[in-house]
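Here are some notes to read alongside the structure, arranged as numbered points. Each takes up one topic, and it may help to find the parts in the viewer while reading.

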Amino acid sequence: MNRRHLSRLALLLPVVLLAGAAAAQGTAGQPITFVVPSAAGGSPDVLSRIVTNQWAQNIHRTVVVENKPGAAGNIGIVQVVRGNDLTVGYGNINTLAVNRSLFSTLPYDVDKDLVPVSHLFNLYNVLIVPAGSSVHSVKDLMAEARKSPGKLSYGASGVGTTGHMSGELLNHLEKLDTLFVPYQGGPAALQDLMGGRLNYMFVNSSEAVPLIKAGKVRALAVTRLGKRIEQLPEVPTMDEAGVKGYEIVSWGGVVGNRKMTPEQAKVLAADLDKVLKAPNVRESLNGLGAQPVGGTPDDFRQLIARETKKWAEIIQSSKIEKLN
């Protein structure tokens, strides 16, 4: 092996993100663990598996996705923090930004315990109601909420998720009083919505689009500002539907723990860029309403900082009580 190859291999140790690096550490054959802090079948899980399946093919190595839902994603992030050098995970808007202001204390420090690697994708939420609901527009929904304060209920896959915060933002902007019901995962909440036990939900487009096309739920609006999403061109934005300036972007990416050096993060980010440029990956993500992004660890770090500040201001102005 020449010096160039040795230099490349050194960058990959000890994170072992490629098969050659793992073999050099005596861990050849051991799978890489990719922690998803939410339930199987939900949007983060589905989208992460599209990426990790291609990643595993590229590096000729097994990547095992482990779902660790609970505590608004905090349980899964703690597993990443405590993991070995074969552990990375999915971090998103709630675990890396919202939770820092929503909880009085967190079992991890985003800035000290985690290493941002790559901003994988952006997607938007869709406001949906049961297929048999008498509500046919956002204005209908707001009228019902005003007529019966505290009676309408909405659910989400957990506290602090974009499904939760989308509802909080609507309540804040329109001075509504509705009931939030947290779940341990998106599929369970959707089952209750379709069964009529919830009045509405804000759901990632990756989960909502198949249900809308199957006629199981009705879409009222999307949380993108200025442009409708390609998968639902007939569905207005929240701004078009009368809630001016409303936008929530549900973003997600990859994080490592403190065992990862800045150099190793850059190498992994470059490898994930290759994954995101694969035609089959782009097609699969776009088909679910997710827009591939990529970029450097510093790009992702800056996004996390901006979103942390934004949500701290929203949570404070909305007077959302901190959770223990």
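1. Helices H11 and H12 are roughly perpendicular to each other, and this is a statement about a predicted model. The axes of H11, which covers residues 262-277, and of H12 cross at roughly 70° and come within 5 Å. Because angles of 65 to 115 degrees count as roughly perpendicular, the crossing of these two helices earns that description. On the H11 side the contact is made by Val275, Leu276 and Lys277, and on the H12 side by Pro279, Val281, Arg282 and Leu285. Sorted by class, the residues of this contact are five nonpolar and two charged, with no polar ones.

2. Which way does H3 run relative to H12? Helix H3 (residues 43-59) packs with helix H12 (residues 279-287) at an angle of about 175°, and their axes lie 10 Å apart. That angle makes H3 roughly antiparallel to H12, since the term is used for angles over 145 degrees. The residues that meet are Leu47, Ile50 and Gln54 from H3, and Asn280, Val281, Ser284 and Leu285 from H12. This contact of H3 with H12 contains four nonpolar and three polar residues but no charged ones. Val281 is worth finding in the viewer, as this residue of H12 takes part in the contact with H3 and also in the contact with H11; Leu285 likewise appears in the contact with H3 and in the one with H11.

3. The largest pocket holds about 540 Å³ of space. Its lining is made up of 39 residues, and those closest to the centre of the pocket are Ser38, Asn94, Ser157, Gly158 and Thr161. Several elements each supply at least two residues of the lining, including helix H3, strand S3 (87-92), helix H5 (93-102) and helix H8 (162-174). Strand S7 gives the most, with four residues. In terms of class, the lining has 19 nonpolar residues, 19 polar residues and one charged residue.

4. The second largest pocket contains about 160 Å³ of space. Among the residues that line this pocket are Leu102, Val159, His164, Glu168, Phe180 and Lys319. The lining of the second largest pocket divides into five nonpolar, two polar and three charged residues.

5. Is Ala72 buried or exposed, and what about Lys175? Ala72 has a phi near 55°, a positive value in a residue other than glycine, and Lys175 has a positive phi of about 55° although it is not a glycine either. Ala72 sits in the loop between S2 and helix H4 (74-82), while Lys175 is placed in the loop between H8 and strand S6 (179-182). With a relative accessible area of 13%, Ala72 is buried, whereas Lys175, at 69%, is exposed.

6. Asn67 belongs to strand S2, which covers residues 63-67. Its relative accessible area is 22%, so Asn67 is partly exposed. Leaving aside residues up to four places away in sequence, Asn67 touches Val36, Ser38, Ala39, Ala40, Asp45 and Arg49. Ser38 in this list is also one of the residues closest to the centre of the largest pocket. The C-alpha atoms of Asn67 and Phe34 are separated by 8.7 Å, with the two residues 33 residues apart along the chain.

Key. Residues numbered from 1 in each chain as written. Predicted model: local features only at pLDDT ≥ 70, side-chain atom pairs only at ≥ 80, totals over all residues. Heavy atoms only, no water. Axes fitted to C-alpha atoms, helices over the stretch in contact; angles between N-to-C directions. Parallel < 35°, antiparallel > 145°, perpendicular 65-115°, else oblique. Contact = heavy atoms within 4.5 Å. Nonpolar A, V, L, I, M, F, W, Y, C, P; charged D, E, K, R; others polar. 1 Å grid on protein atoms, 1.4 Å probe; cavity = no way out; pocket = protein on both sides within 12 Å on 5 of 7 lines; lining within 4 Å. Points joined across faces, edges and corners; volume = space filled by probe spheres on them. Buried < 20%, exposed > 50% of the residue type's maximum accessible area, 1.4 Å probe, protein only.
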